[in-house]
Amino acid sequence: MENKRFSIKDRIYSFKYAGRGVVRLVSREHNAWIHCAVTVCVIVAGGLLGLSTFEWIAVILCIGAVLAAEGVNSAIEALCDKVSPEYDEAIKHTKDLAAGAVLILAVMSIIVGLLIFVPKILSLFH
């Protein structure tokens, strides 16, 4: 990669391209649709249950991490499919690892959500 001079214009374009990536993720990737639906439910529940600032921080970090991991996974899958449209065991391994990373973050996020939301829901019945 050549060493280019810093340019404000190029930095602005980089945000534009990143924004396109976010739009592509939430508009075309089926698994991201699930994450977004869960995100809406969690935000509504958090608002209704009155999460503290630190609880919101944990929830937002989990949401961001899962969506970012899904974006990386989708990018890896797209690149793998372009490079090797036919079946390849190494490509399968790569795609499985990327999907596994998303699963790990999703499960961790569910655990964080349970730790935050279950006590709040139970307190409604006491």
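Trainee: Which residues does His35 touch, leaving out those up to four places away in sequence?

Mentor: His35 touches Val66, Leu67, Glu70 and Val102. Keep in mind that this is a predicted model. A touch here means heavy atoms within 4.5 Å.

Trainee: Why is His35 called buried?

Mentor: Buried means under 20% relative accessible area. His35 has 15%, so it counts as buried. His35 sits in helix 2.

Trainee: What makes Phe54 exposed?

Mentor: The cut-off for exposed is over 50%. Phe54 reaches 68% relative accessibility, so exposed is the word. Phe54 belongs to helix 3. Its C-alpha atom is 41 Å from that of Asn3, and the two residues are 51 apart along the chain.

Trainee: How do you know that helix 2 and helix 3 are roughly antiparallel?

Mentor: Look at the angle. Helix 2 (residues 30–49) and helix 3 (residues 53–83) pack at about 175°. Angles over 145 degrees count as roughly antiparallel. The pair is therefore roughly antiparallel. Their axes are 10 Å apart.

Trainee: Which residues make that contact?

Mentor: On helix 2, the residues include His35, Cys36, Thr39 and Val42. On helix 3, Trp56, Val59, Val66, Leu67 and Glu70 are among them.

Trainee: Why are helix 1 and helix 2 called roughly perpendicular?

Mentor: Helix 1 (residues 8–28) meets helix 2 at an angle of about 90°, with the axes 6 Å apart. The range for roughly perpendicular is 65 to 115 degrees. So helix 1 is roughly perpendicular to helix 2. Leu25, Val26, Ser27 and Arg28 of helix 1 make the contact with His30, Ala32, Trp33 and Cys36 of helix 2.

Trainee: Now the charged pairs. How many salt bridges are there?

Mentor: The count is 4. Lys4 and Asp10 form one of them.

Trainee: What makes Lys4 and Asp10 a salt bridge?

Mentor: The N to O distance is 3.7 Å. The rule asks for a Lys or Arg side-chain nitrogen within 4 Å of a carboxyl oxygen of Asp or Glu. The pair passes, so it is a salt bridge. Lys4 is exposed at 55%. Asp10 is partly exposed at 27%.

Trainee: What does the salt bridge between Glu55 and Lys120 tie together?

Mentor: The closest N and O atoms of Glu55 and Lys120 are 3.3 Å apart. Glu55 lies in helix 3 and Lys120 in helix 4, so the bridge links parts 65 residues apart in sequence. Both residues are buried.

Trainee: And how do you know that Asp81 and Lys95 form a salt bridge?

Mentor: Their N to O distance is 2.7 Å. That is within the 4 Å limit, so the pair qualifies. Asp81 is in helix 3 and Lys95 in helix 4, so this bridge ties parts 14 residues apart in sequence.

Trainee: Why are Asp81 and Lys95 called partly exposed?

Mentor: The class runs between the 20% and 50% cut-offs. Asp81 has 40% relative accessible area, so it is partly exposed. Lys95 has 22%, so it counts as partly exposed too.

Trainee: Which residues form the nonpolar patch on the surface?

Mentor: Leu103, Val107, Ile111 and Leu115 form it. Together they have about 390 Å² of accessible area.

Trainee: What makes Ile111 eligible for a patch?

Mentor: A patch residue needs over 30% relative accessible area. Ile111 has 46%, so it clears that bar. By the exposure classes Ile111 is partly exposed. It lies in helix 4 (residues 89–123).

Terms used:
Residues are numbered from 1 along each chain as its sequence is written. This is a predicted model: local features need pLDDT of at least 70, side-chain atom pairs count only at pLDDT 80 or more; totals for chains, interfaces and linings use all residues. Side-chain values use heavy atoms; hydrogens and water are left out. Patches are made of residues with over 30% relative accessible area and no salt bridge: like charges are joined within 9 Å, nonpolar side chains (Val, Leu, Ile, Met, Phe, Trp, Tyr) within 5 Å. Accessible areas come from the Shrake-Rupley method with a 1.4 Å probe; for residues, only the protein chains shown count as cover. Helices (H or I, at least four residues) and strands (E, at least two) are DSSP runs, numbered from the N terminus. Buried means under 20% relative accessible area, exposed over 50%, partly exposed in between (1.4 Å probe, protein chains only). Axes are lines fitted to C-alpha atoms, for helices over the stretch in contact, and angles run from 0 to 180 degrees between N-to-C directions. Angles under 35 degrees count as roughly parallel, over 145 as roughly antiparallel, 65 to 115 as roughly perpendicular and the rest as oblique.
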